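Below are some notes on the side-chain contacts of this model, set out as numbered points. Please read them with the structure open beside you.

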Amino acid sequence: TRLVFAAGGVPFEDERVPFEEQKRRKEAGELPFGQFPTLVVGDRLFAQSYSIAKYAARVAGLMPADPLDVLQAEGIVDSTDDVRSKFVAIRYMPLDPNALQEKYREWFNTTLPVWLEKFERLCRPGQFLVGDSLTVADVSVFNMCDYLMSPSCAQQAASTELCALAAGCLGSFPRLQELRQKVAEVPAIKAWLDKRPQTPHDDVRTLRDAEFN
């Protein structure tokens, strides 16, 4: 959603909520479905990350006009969520560090390439995914590649091998690499990427405030 708003030039307040504050809000019943992320518009609070992203796309002008193109774009967005949900779930598995690392190896070597091949087939050399201009589909696939190439949790971040597997996961998919670069070069997106907070991994449970820089 942040990338979509940035791409469309829509001003927004970027609130990064520490884990303890997330727990407090959940326990206080302040979240519609007891989870993050959320979006506040005026005095209304909304939940569900991919619903929020699609709303943001409409506000930012990144949703196609043609209903069939919308269907195609939203299908791509939802497919990136399929990948994310399977990837993120690994860090929550009740496994010892060695077993968890083996799960990540299996993910990068066996499971993920099957998914990436599907996205590779959707890519059109030199073009965006849907229509002739940037849409939420392109931003979602870029975002998917971005989080796949970065450590998901402290265990993955501590392993040189797993970090290398993540960083190189697009190696066999040249069209995805090209699309990722094309989106990264959109001026508004590049500006956001240059200034956004950086963290050693993506697991808010073990991140400290000082690790946002």
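1. The model under discussion is a predicted one, and I begin with its cysteines. Cys 153 is buried, with a relative accessibility of 4%, and its sulfur lies 9.6 Å from the closest cysteine sulfur, that of Cys 163, which is too far for a bond. Cys 123 is likewise counted as buried, at 4% relative accessibility, and the cysteine sulfur closest to its own belongs to Cys 145, at 7.9 Å, again too far for a bond. The structure as a whole holds zero disulfides, a disulfide being called where two cysteine sulfur atoms are within 2.5 Å.

2. Turning to charged side chains, the structure holds 14 salt bridges. One of these joins Arg 25 to Glu 15, with N and O at 2.6 Å. Because Arg 25 belongs to helix α2 (residues 19-27) while Glu 15 sits in the loop between α1 (2-8) and α2, this pair ties together parts that are ten residues apart in sequence. The two partners can be told apart by their exposure: Arg 25 is buried, with a relative accessible area of 15%, whereas Glu 15 is partly exposed, with a relative accessible area of 43%.

3. Arg 25 and Glu 15 should also be viewed in their wider setting, since a network of salt bridges links them with Glu 21, Arg 24 and Glu 30.

4. A salt bridge within a single helix is found between Arg 84 and Asp 81, whose closest N and O atoms are 3.0 Å apart. Both residues lie in helix α4 (residues 67-91), where they are separated by three residues, or about one turn of the helix. Arg 84 counts as partly exposed at 29% relative accessibility, and Asp 81 is also partly exposed, with a relative accessible area of 24%.

5. Which parts of the chain does the salt bridge between Glu 161 and Arg 105 tie together? The side chains of these two residues meet at 2.9 Å, N to O. Glu 161 lies in helix α8 (residues 160-167) and Arg 105 in helix α5 (residues 97-122), so the pair ties together parts that are 56 residues apart in sequence. Glu 161 counts as partly exposed, at 39% relative accessibility.

6. As for the aromatic side chains, the count comes to five aromatic pairs. Among them is the stacked pair of Phe 87 and Trp 107, with 5.5 Å from centre to centre and 20° between the planes. Since Phe 87 lies in helix α4 and Trp 107 in helix α5, this pair ties together parts that are 20 residues apart in sequence. Both Phe 87 and Trp 107 are buried, and together with Tyr 104 and Phe 108 they form one aromatic cluster.

7. Another ring to inspect is that of Phe 128, for Lys 182 lies over its face, at 4.7 Å from the ring centre.

8. Finally, the surface deserves a look, where Val 41, Phe 46, Tyr 55 and Val 59 make a nonpolar patch of about 300 Å². Within this group, Phe 46 lies in strand β2 (residues 44-47) and is partly exposed, with a relative accessible area of 32%.

Technical notes:
Residues numbered from 1 in each chain as written. Predicted model: local features only at pLDDT ≥ 70, side-chain atom pairs only at ≥ 80, totals over all residues. Heavy atoms only, no water. Salt bridge = Lys/Arg side-chain N within 4 Å of Asp/Glu carboxyl O. Helix = DSSP H or I, 4+ residues; strand = E, 2+ residues; numbered from the N terminus. Buried < 20%, exposed > 50% of the residue type's maximum accessible area, 1.4 Å probe, protein only. Phe/Tyr/Trp six-rings, centres within 6.5 Å; stacked < 30°, edge-to-face > 60°. Lys NZ or Arg CZ within 6 Å of the ring centre and 35° of its normal. Patch = residues over 30% accessible without salt bridge, like charges linked within 9 Å, V, L, I, M, F, W, Y side chains within 5 Å. Areas by Shrake-Rupley, 256 points an atom, 1.4 Å probe, with all protein chains shown as cover.
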